[in-house]
Amino acid sequence: MWRLSISRVDGVLAPYASGFRLWLTERGYRPPTVEDQVWLMAHLSGWLDEQGIEPAALTDQAAERFQRARRERYSHLTGSRALRPLLGYLRGLGLVPEPLASESPAETVVAAYREYLLGERGLVEGSVVLRARVARLFLGGPSDPIEAALAQLGPGDVTRFVVAQCGDGRRGTAWASTLVSGLRSLVVFLHITGRVPIPLAAAVPSVASWRLSSLPRPGPRSHRTDPREL
């Protein structure tokens with residue numbers, strides 16, 4: 001693992017550190033936040049060198065890999081939003097690629113989830129396809145900013161989604177098993193990547209413990225955003 005001094009940037013991003021510090025200050029970031037962001041830049045620069053990756057290859061998926069590596073050692077600035085200022089600065093310089101214009105915010109999350117399943121979990125492509133299908137169903141239909149909606153996600157939202165999809169029993173047990181397994185995996189991913197602040201895996205019902213046809217119908221919506229309307 002890379003080594004660094006606090007707020008000192010070595011490696012491929014070193015030439016841009018002073019400019020990044022000024023860029024943050026001009027945009028009203030407080031000094032502690034500036035130091036945190038430069039510290040994060042130092043980590044990223046070391047990781048890029050370690051991985052042999054040029055900034056031009058720093059896609060959103062590569063950035064997600066970097067944050068996963070950081071979560072093995074740190075708990076600070078490991079969420080999906082932490083890199084936004086730094087990536088915005090580097091994109092402004094033309095050093096790293098822009099996100100794919102064709103990808104919706106939900107699809108960006110699904111792409112990161114797919115990489116997690118393939119790289120971290122070591123699943124085969126067939127299993128990843130099924131779980132990505134569940135993820136798209138859960139996250140699909142953009143209306144509200146997805147990160148804000150996920151930050152408000154609660155257990156009731158997860159349970160209501162399962163009831164809405166399987167409560168009438170028409171889809172069958174096989175689909176219900178695929179759905180709850182995929183959803184449980186997804187909410188774990190959303191939590192460990194900082195997109196959802198609380199663990200929600202326990203809110204996903206188990207097929208073995210209930211009959212879908214006997215589940216209560218969804219009640220009135222809470223103040224939380226329904227993930228199907230993201």
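A residue counts as partly exposed here when its relative accessible area falls between the 20% under which residues are buried and the 50% over which they are exposed. Arg136 is such a case, partly exposed because its relative accessibility is 37%. The tour returns to this residue further on. The model is a predicted one.

**Whole chain**

Start with the cartoon of the full protein. It shows nine helices and zero strands, and the pattern along the sequence is α-α-α-α-α-α-α-α-α. Colour by burial next: of the 230 residues, 45% count as buried. With the surface switched on, the protein exposes about 11400 Å², of which carbon and sulfur atoms supply 53%. Contacts also reach far along the chain: among those between residues at least 6 apart in sequence, 73% join residues at least 24 apart.

**Helix 6**

Select residues 125-139, which form helix 6. This helix has 15 residues and spans 20 Å from its first C-alpha to its last, close to the 21 Å expected at 1.5 Å a residue. Now show side chains for Val128, Arg131, Ala132, Val134, Ala135, Phe138 and Leu139, the buried residues of helix 6. They lie on the same side of the helix, because they cover an arc of only 160° around its axis. What do the buried residues of helix 6 pack against? Their partners are helix 5 (105-120), helix 7 (146-151), helix 8 (155-166) and helix 9 (172-192).

**The largest nonpolar core**

Keep those helices in view and select Leu139, Leu183, Leu186 and Phe189. These have the most contacts inside the largest nonpolar core, a set of 33 residues. Helix 5, helix 6, helix 7, helix 8 and helix 9 each give two or more residues to this core. Which helix supplies the largest share of this core? Helix 9 does, with nine residues. In general terms, nonpolar side chains tend to be buried together in soluble globular proteins.

Centre on Leu183 and display its surroundings. Leaving out residues up to four places away in sequence, Leu183 touches Val134, Phe138, Val158, Phe161, Val162 and Val204. Two of these names, Val134 and Phe138, were already picked out as buried residues of helix 6.

**Another core**

Apart from this core lies another, of 30 residues, with Ala17, Val34, Val38 and Leu44 among them. Select these to find the region, then move to Leu90 in helix 4 (residues 84-92). Is Leu90 buried or exposed? Leu90 is buried, because its relative accessible area is 1%. Not counting residues up to four places away in sequence, Leu90 touches Leu13, Leu44, Leu95 and Val96. For a distance to check in the viewer, pick the C-alpha atoms of Leu90 and Ala56: they are separated by 9.8 Å, although the two residues are 34 apart along the chain.

**Salt bridges**

Turn to the charged side chains. In general, side chains of opposite charge can pair when their charged atoms come close. The structure holds eight salt bridges; three are visited here.

Select Glu35 and Arg21 for a salt bridge of 2.4 Å, N to O. Glu35 sits in helix 2 (residues 31-51) and Arg21 in helix 1 (residues 17-26), 14 residues apart. Glu35 is partly exposed at 31% relative accessibility, and Arg21 is partly exposed at 28%.

Next, select Glu107 and Arg136, whose side chains meet in a salt bridge of 2.9 Å, N to O. This pair links helix 5, which holds Glu107, with helix 6, which holds Arg136, across 29 residues. Glu107 is partly exposed, with a relative accessible area of 24%. Arg136, with its 37%, is the partly exposed residue from the opening.

Finish with Glu64 and Arg195, which form a salt bridge of 3.5 Å, N to O. Glu64 lies in helix 3 (residues 60-71) and Arg195 in the segment after helix 9, so the pair ties together parts that are 131 residues apart in sequence. Both Glu64 and Arg195 are buried. For Glu64, the relative accessibility is 6%. Add Arg71 to the selection: Glu64, Arg71 and Arg195 are linked in a network of salt bridges.

Last, show what surrounds Glu64. Beyond residues up to four places away in sequence, Glu64 touches Arg71, Ala112, Phe189, Thr193 and Arg195. Phe189 also appeared above, among the residues with the most contacts inside the largest nonpolar core.

Methods:
Residues are numbered from 1 along each chain as its sequence is written. This is a predicted model: local features need pLDDT of at least 70, side-chain atom pairs count only at pLDDT 80 or more; totals for chains, interfaces and linings use all residues. Side-chain values use heavy atoms; hydrogens and water are left out. Helices (H or I, at least four residues) and strands (E, at least two) are DSSP runs, numbered from the N terminus. Buried means under 20% relative accessible area, exposed over 50%, partly exposed in between (1.4 Å probe, protein chains only). Contact means heavy atoms within 4.5 Å. Accessible areas come from the Shrake-Rupley method with a 1.4 Å probe; for residues, only the protein chains shown count as cover. The expected span of a helix is 1.5 Å times one less than its number of residues. The arc is that of the directions from the helix axis to the C-beta atoms. A nonpolar core is a set of buried Ala, Val, Leu, Ile, Met, Phe, Trp, Tyr and Cys residues joined through side-chain atoms within 4.5 Å. A salt bridge is a side-chain nitrogen of Lys or Arg within 4 Å of a carboxyl oxygen of Asp or Glu.
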